[in-house]
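Hello,

I am handing over the structure we talked about, with my notes below it. Please have a look at the model first and then read on.

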Amino acid sequence: MKTRKIILMLMLAFISVVLSIVYVARSNKNINDLSEMSSSIEDYTIRFESDRGFGNDRFDIYSFSLKSRDNLKDFRQKNDELDQIFDNHFETMMVSEQEKNNQIQELKADIEKLKNSKHILYKYIEKDGTKKLYLYDKNTNKGYCMILTI
């Protein structure tokens, strides 16, 4: 009888440890998605997470605000390149996801409004098959990061 209790307690302890590790790993993943800005980010929220496809395919959108605007040296002023990047990669994905899920419709409108702002700054990163587009309005301290992996 004692042996069964000990085995049961060990199994419960093992399951608790595994679940704790999974929880911590999932929590830290989100800030790692924003690794280029993680030291400056005050607050962030995942606003949209696509259904995962084969392999590591994904399309995620985060909103964020910054505690310091000092780390914006890699950001660029709005230009035609931003429109081309946005239209060719990210808007296409938003339209595609909108057909499956209406949740993104309002978010898409907010992002487009921010993109058309006069005070918008952006940063585009393409690395290892992942494309990230940071949009940030320094007047409102509001930004979005869109991550696309195909």
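Let me start with a question: in β4, which residue is the bridge partner of Gln 77? The partner of Gln 77 in β4 is Leu 121.

Before the rest, a word on the ground rules. This is a predicted model, so local features need pLDDT of at least 70 and side-chain atom pairs count only at pLDDT 80 or more, while totals for chains, interfaces and linings use all residues. Residues are numbered from 1 along each chain as its sequence is written, and side-chain values use heavy atoms, with hydrogens and water left out.

**The sheet**

Six strands form an open sheet with antiparallel pairing, in the order β1-β2-β6-β5-β4-β3. Its edge strands are β1 and β3, each of which pairs on one side only. Strands here, like helices, are DSSP runs numbered from the N terminus (strands: E, at least two residues; helices: H or I, at least four). Two strands count as paired if DSSP finds at least two bridges between them.

Back to the pair from my question. Strand β3 (residues 76-77) and β4 run antiparallel and share two bridges. Besides Gln 77, Arg 76 also has a bridge partner in β4, namely Tyr 122. On to the pairing of β4 with β5, which is antiparallel over eight bridges. Leu 121 turns up again here, with Tyr 136 as its bridge partner in β5. The hairpin of these strands, β4 and β5, has two residues between them, and Asp 128 in that hairpin takes a positive phi near 50°.

**Helix α3**

Helix α3 covers residues 103-115, which is 13 residues. From first C-alpha to last it reaches 19 Å, close to the 18 Å expected at 1.5 Å a residue; the expected span is 1.5 Å times one less than the number of residues.

Which residues of α3 are buried? They are Ile 104, Leu 107, Lys 108, Ile 111, Leu 114 and Lys 115. These residues lie on the same side of α3, because they cover an arc of only 125° around the axis (the arc is that of the directions from the helix axis to the C-beta atoms). Glu 106 and Lys 113, on the other side of α3, are exposed. For these labels, buried means under 20% relative accessible area, exposed means over 50%, and partly exposed is in between, with a 1.4 Å probe and protein chains only.

What do the buried residues of α3 pack against? Their partners are β1, β2 (58-66), α2 (80-100), β4 (120-127), β5 and β6 (142-149). A contact, by the way, means heavy atoms within 4.5 Å.

**Salt bridges**

A search of the whole structure finds seven salt bridges, each being a side-chain nitrogen of Lys or Arg within 4 Å of a carboxyl oxygen of Asp or Glu.

One of them joins Glu 36 and Lys 132, at 3.2 Å from N to O. This pair links distant parts of the chain, 96 residues apart: Glu 36 is in the loop between α1 (2-33) and β1 (41-49), and Lys 132 is in strand β5 (residues 130-137). Glu 36 is partly exposed at 26% relative accessibility, whereas Lys 132 is buried at 9%.

Arg 76, which you met in β3, forms a salt bridge with Glu 81 (2.6 Å, N to O). Arg 76 is partly exposed at 40%, and Glu 81 is partly exposed at 32%. Lys 108, from the buried list of α3, is linked with Glu 91 and Glu 112 in a network of salt bridges.

**Two residues in β2**

Asp 60 sits in strand β2 and is buried, with a relative accessible area of 0%. Asp 60 and Arg 58 form a salt bridge, with the closest N and O atoms 2.8 Å apart; Arg 58 is also buried, at 14%. The side chain of Asp 60 reaches the backbone nitrogen of Ser 50 too, at 3.5 Å.

Ser 63 is found in β2 as well and is buried, with a relative accessible area of 14%. Leaving aside residues up to four places away in sequence, Ser 63 touches Asp 43, Tyr 44, Thr 45, Arg 47, Gly 143 and Tyr 144.

Enjoy browsing the model.

Best wishes

Methods. Polar contact = N/O pair within 3.5 Å; in protein donor to acceptor, adjacent residues only side chain to side chain.
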